[in-house]
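Here's a small set of exercises to work through with the viewer open. Try each task before you read its solution.

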Amino acid sequence: MCTTFLAYKIVDLLKKQKTEFLDFPRLIRFNPNIPWKTRGNGAVSMKIKTKNPSSVKNQVKNLVSKYSDVKHGANPGLVFFESETIPSNFIDFSNLALWRLINRNNAKKFAKKNNLEFFYKGNGQGLVGAIGAIGYDFHDHTLELLSYRKRSKFGKERKISPDSVKIMQEKTLPNTFNSFDTKKGRVLITPHGPDPVFYGVRGENVDSLLYATKILKSEEKLDGYMIFKSNQGTGDHLKNELTFDNMSPYASGKITGMVANAPKIVKGGHVFFKINSNNHEFWCAVYKPTGITTIASNLIKGDNICVGGGIRKASKNFPRIINLEFIDVIHLEKKLVTSNPLCKKCNKKMKSKGKNQGFQCIRCGKKALSKTNNEVSRKIQKKLYVPKMSAHRHLTRPLQRVGLINKSTKFDESQSWFCVYRN
């Protein structure tokens, strides 16, 4: 039904038993281009210390069974791992899940080979995320405060004051991100589905998230909230270098090369062009909703760029295509436009005398043999372009986070990272 809500319920249950939490619950987003993923392709893991591991395992299994909507296609997976440290093969598995497609049978083999206690419903696809969430190694992180609705409100319209979200963003920037799209006047912290989440505020530290919740206004009485440590907003899935050999369907990553042709704008305003990298040509697609089609359409042959995105599977009519999530312009080629030569004496453009007969000024008669090349200014710059805020994916690194590495959040169990409202 909702992975993070299940985590919220598990934490509530374990806290009542005085379980020691060693870190924030972790919300890890994996490769967003997997076709059968959940909406955000998220998995959750928790690091705890307990004297009753078998009791905890049974209780968690029961909660997973209770809150899994298997009838409507959910395929949850649950993995338990008892250790002080995380082995490197878990980290390797997690890194792969960030940008590749991992077969669920490979996850089952991994669990058996490493003697993991695991449990799943449906086809077991959730085991990929469960193992990956244990193995994820943070090099950068963000936090997200997710607030949950009371059961009576599930599926009903969410009503939150857009003005309060706008004010919250203004007062908490740059310690929060992607809360309100000022250009569209659109709230970005509330989901649209029937899930139990009321809103989610993403940011860099606990204090900013707690301050944000005090500014937000809604008449709905909420059930509670939990703060997750996450890889959202890190661009994790696009760090891998794509090559001709590893560019398999649904993979994510980045590639650097030269624009190989003039971009084509098709019906609907989408833009397609080719990039040449290591003597291979790849098609790139930039779709209208991203808001960066104008940038793509202003590229010219010879521009040196780095692009990132997901690989769309080849079809009868189309080869593999990289659906772009960013364009980083490294070098701009000079754009030359040919025109009739200018008469330096009269300051007027000369007229053609006919094919291969040169040009002549109609005022003074001065002649020239060929057209002249003139450099025109480019409408794009050498910089990074990302989609507009409302088109960001969970993992998209917003411009305000470019160059920022957050490693500072220390977990303190006495912090207000979890709360169930008693009302």
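**Exercise 1. Find the elements that the buried residues of α6 pack against, then work out how α6 is oriented.**

Solution.
- Step 1: the partners. The buried residues of α6 pack against β8 (176–177), β9 (180–181), β10 (186–187), β11 (197–203) and α7 (206–215). Contact here means heavy atoms within 4.5 Å, and helices (H or I, at least four residues) and strands (E, at least two) are DSSP runs, numbered from the N terminus.
- Ground rules before going on: this is a predicted model, where local features need pLDDT of at least 70 and side-chain atom pairs count only at pLDDT 80 or more, while totals for chains, interfaces and linings use all residues. Residues are numbered from 1 along each chain as its sequence is written, and side-chain values use heavy atoms, with hydrogens and water left out.
- Step 2: the inward side. In α6 (residues 162–172), S164, V165, M168, Q169 and T172 are buried; buried means under 20% relative accessible area, exposed over 50%, and partly exposed in between (1.4 Å probe, protein chains only).
- Step 3: the geometry. Looking down the axis of α6, those buried residues fall within an arc of 140°, so they line one face of the helix. The arc is that of the directions from the helix axis to the C-beta atoms.
- Step 4: the other side. Turned away from the buried side of α6 are the exposed residues D163, E170 and K171.

**Exercise 2. Do the same for α4: which residues are buried, and which are exposed on the face turned away?**

Solution.
- Step 1: helix α4 (residues 104–113) buries A107, K108, F110 and A111.
- Step 2: seen down the axis of α4, these buried residues fall within an arc of 160°, so they line one face of the helix.
- Step 3: K109, K112 and K113 are exposed on the face turned away from the buried side of α4.
- Step 4: the packing partners of the buried residues of α4 are α3 (88–99), β6 (117–120) and α5 (126–135).

**Exercise 3. Describe how α1 and α2 pack.**

Solution.
- Step 1: the axes of α1 and helix α2 (residues 53–66) are 10 Å apart, at an angle of about 145°. Axes are lines fitted to C-alpha atoms, for helices over the stretch in contact, and angles run from 0 to 180 degrees between N-to-C directions.
- Step 2: the crossing of α1 past α2 is right-handed, a label for the near helix being turned clockwise from the far one by less than a right angle.
- Step 3: on the α1 side sit L6, K9, I10, L13 and L14, meeting V56, Q59, V60, L63 and V64 of α2.
- Step 4: sorted by class, the contact of α1 with α2 has 8 nonpolar, 1 polar and 1 charged residues. Ala, Val, Leu, Ile, Met, Phe, Trp, Tyr, Cys and Pro count as nonpolar, Asp, Glu, Lys and Arg as charged, and the others, Gly among them, as polar.

**Exercise 4. Locate the backbone oddities: where is the cis peptide bond, and where do K18 and N178 sit?**

Solution.
- Step 1: the baseline. Most residues other than glycine have a negative phi, and most peptide bonds are trans.
- Step 2: L173 and P174 are joined by a cis peptide bond, with omega about 0°. P174 is in the loop between α6 and β8.
- Step 3: K18 has a positive phi, near 60°, and sits in the loop between α1 and β1 (20–21). Its relative accessibility is 76%, so K18 counts as exposed.
- Step 4: N178 also has a positive phi, near 55°, and lies in the loop between β8 and β9. With 9% relative accessibility, N178 counts as buried.

**Exercise 5. Which residues of the largest nonpolar core touch the most other members?**

Solution.
- Step 1: a nonpolar core is a set of buried Ala, Val, Leu, Ile, Met, Phe, Trp, Tyr and Cys residues joined through side-chain atoms within 4.5 Å.
- Step 2: among the 48 residues of the largest one, Y199 and I227 touch the most other members. Helix α1 (residues 3–15) supplies the largest share of this core, 7 residues.
- Step 3: beyond four places in sequence, the residues touched by I227 include F24, L143, V206, L210 and W417.
- Step 4: a second, separate core has 26 residues, including F273, L299, V307 and I311.
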